[in-house]
Structure formats: C-alpha cells, structure tokens
Amino acid sequence: MQQPNQRGGYRQAQGASNPLAIKTKKYQLDKNDYAKMAMGQVWKKEWWRALIPLVLFSLPAAFAFSWWWVAAAVLATVIFVLLRSAQVMGVTQMEQSNPLFQRVNYEIDQRQVLLKLNEREGMNINWDMIEKAANQKDSYMLWLKQPNADQLPGGFKGWLARTFTVPIFLLLPHKIFNSANDLKLMDSLLKRKNLLPA
C-alpha cells in the first residue's frame, strides 16, 4: 500500500477522476470494529499457536507434577495471547494505517481503489496490491497483500514478521454504494480481477 506522507495526511490524488468509476458515499471504519474483526481473523486461523506454550510448560508436570508447572503453563499461554492480541491492536495505532480509519469516499475502477479524503487529496491502492476479496452478507472485504520476503528484515525479526502477520483490509459496507447497480458492477469487477469466484 502506498504510504501517506510523513505528516499522516494523504498524497495528492493521482490521475483524473474516472467518470465510469464506482463512487461511494463517505465512510469511516471505526478502529475498535477493525480491531475486533482483525482479532477474529487471527485467532480463527492461529488458535492452535496458543496451545504451544501450554503444552511446552506442562510437559515437566507430566514427569514430576507440581502446581508451579501448571501455573507457569497457564501464565505463559495468557502472556502469548495478550502479546499477539496487542500486536493486532497496534495496527490501529500506527501512523501509516491512519488512512484506513479516516472518513473517505471510494472511487473504484479498473486501475485502482482510490480513497478520497476530498477532491484534491487521496490515496490509491492498485489492484495488484490486493490479495483477496470477499462479498459478505452486508459488506465487501478487500485484504491487502503482505510484504514480500525481500521487503522484510532478515534473521529472527524477518521470521517473526512472516510468522505473526496482521491482516490489513478495507471494509466497504453495501450501504455506502449508491445503487444496486453499483453493487453488481463491484461484483463483476472483483470477478474480472480474480478476487471473487466467477
């Protein structure tokens, strides 16, 4: 995703507005809602990782039972869950992610998804930056691609960054689209981009 400038604002919108673009009403995603959805996605996929410290710290208790080992296993598991959850929550506090939580309207066309703060300022997300999409009951979710291995640091830090990723996504509720025809166009566009099944 293109990063906003250092002051946390938007860049000058690139290119003229496309008259054929799907234009939405203004919308602002609440940071708490985002954190809940991201946390749900992370723990739905990674719940088993919380069992690792529980099992590792419980192993000594199998050979020489002590409540200290059980307490240590539970404590290590709780600490892991809290740290992983804090990492997910941290995305909402980063300056680079501020554009995700500002009141913007979207212009969606064949080239990009444009987040427009106003007529002069915006941030574009090219389609090749989007990994997958879903049309849920009341919204579209567009997940952005994670950084490539060559964009991550090496060694232990790189391993941590690859292993403990945080989902970054755009949420576009159906209610912000101006008509049912715009929803059909959005479906068709996502299918053409191979982000939704045809």
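# A tour from fold to rings

Start with the whole protein chain: of its contacts with a separation of 6 or more, 68% are between residues 24 or more positions apart, where contact means heavy atoms within 4.5 Å. This is a predicted model, in which local features need pLDDT of at least 70, side-chain atom pairs count only at pLDDT 80 or more, and totals for chains, interfaces and linings use all residues. Residues are numbered from 1 along each chain as its sequence is written, and side-chain values use heavy atoms, with hydrogens and water left out.

Now switch to a cartoon view. You will find five helices and eight strands; these are DSSP runs numbered from the N terminus (helices: H or I, at least four residues; strands: E, at least two). Their order from the N terminus is β-β-α-α-α-β-β-β-β-β-α-β-α.

**Stop one: helix H1**

Select residues 31-46, the 16 residues of H1. At the N-terminal end, Asp30 acts as a cap, with a side-chain oxygen 3.1 Å from the backbone nitrogen of Asn32. Next, colour Tyr34, Ala35, Ala38, Met39, Val42, Trp43 and Glu46, the buried residues of H1. They sit on the same side of H1 because they cover an arc of only 150 degrees around the axis, taken from the directions from the helix axis to the C-beta atoms. Turn to the face away from the buried side to meet the exposed residues Lys36 and Lys44. (Buried means under 20% relative accessible area, exposed over 50%, and partly exposed in between, with a 1.4 Å probe and protein chains only.)

**Stop two: aromatic rings**

Stay with Tyr34 and add Phe169. Rings of Phe, Tyr and Trp (its six-membered ring) pair if their centres lie within 6.5 Å; planes under 30 degrees apart count as stacked, over 60 as edge-to-face and the rest as tilted. By this rule there are five aromatic pairs. Tyr34 and Phe169 are stacked, because their ring centres are 4.4 Å apart and their planes are at 20 degrees. Tyr34 belongs to helix H1 and Phe169 to strand E8, so this pair ties together parts 135 residues apart in sequence. Show Phe101 too: ring pairs link Tyr34, Phe101 and Phe169 into a cluster.

For a contrast in geometry, pick Phe65 and Trp67. Their centres are 5.1 Å apart and their planes at 80 degrees, so this pair is edge-to-face. Both Phe65 and Trp67 are exposed.

**Last stop: His174**

Finish in the loop between strand E8 (169-173) and helix H5 (180-192), where His174 is found. Which residues does His174 touch, not counting those up to four places away in sequence? Select Asn135, Gln136, Lys137, Asp138, Ser139, Tyr140 and Leu183 to see them.

Technical notes:
The expected span of a helix is 1.5 Å times one less than its number of residues. A polar contact is a pair of N or O atoms within 3.5 Å; within protein, one must be able to donate a hydrogen and the other to accept it, and residues adjacent in sequence count only if both atoms are side-chain atoms.
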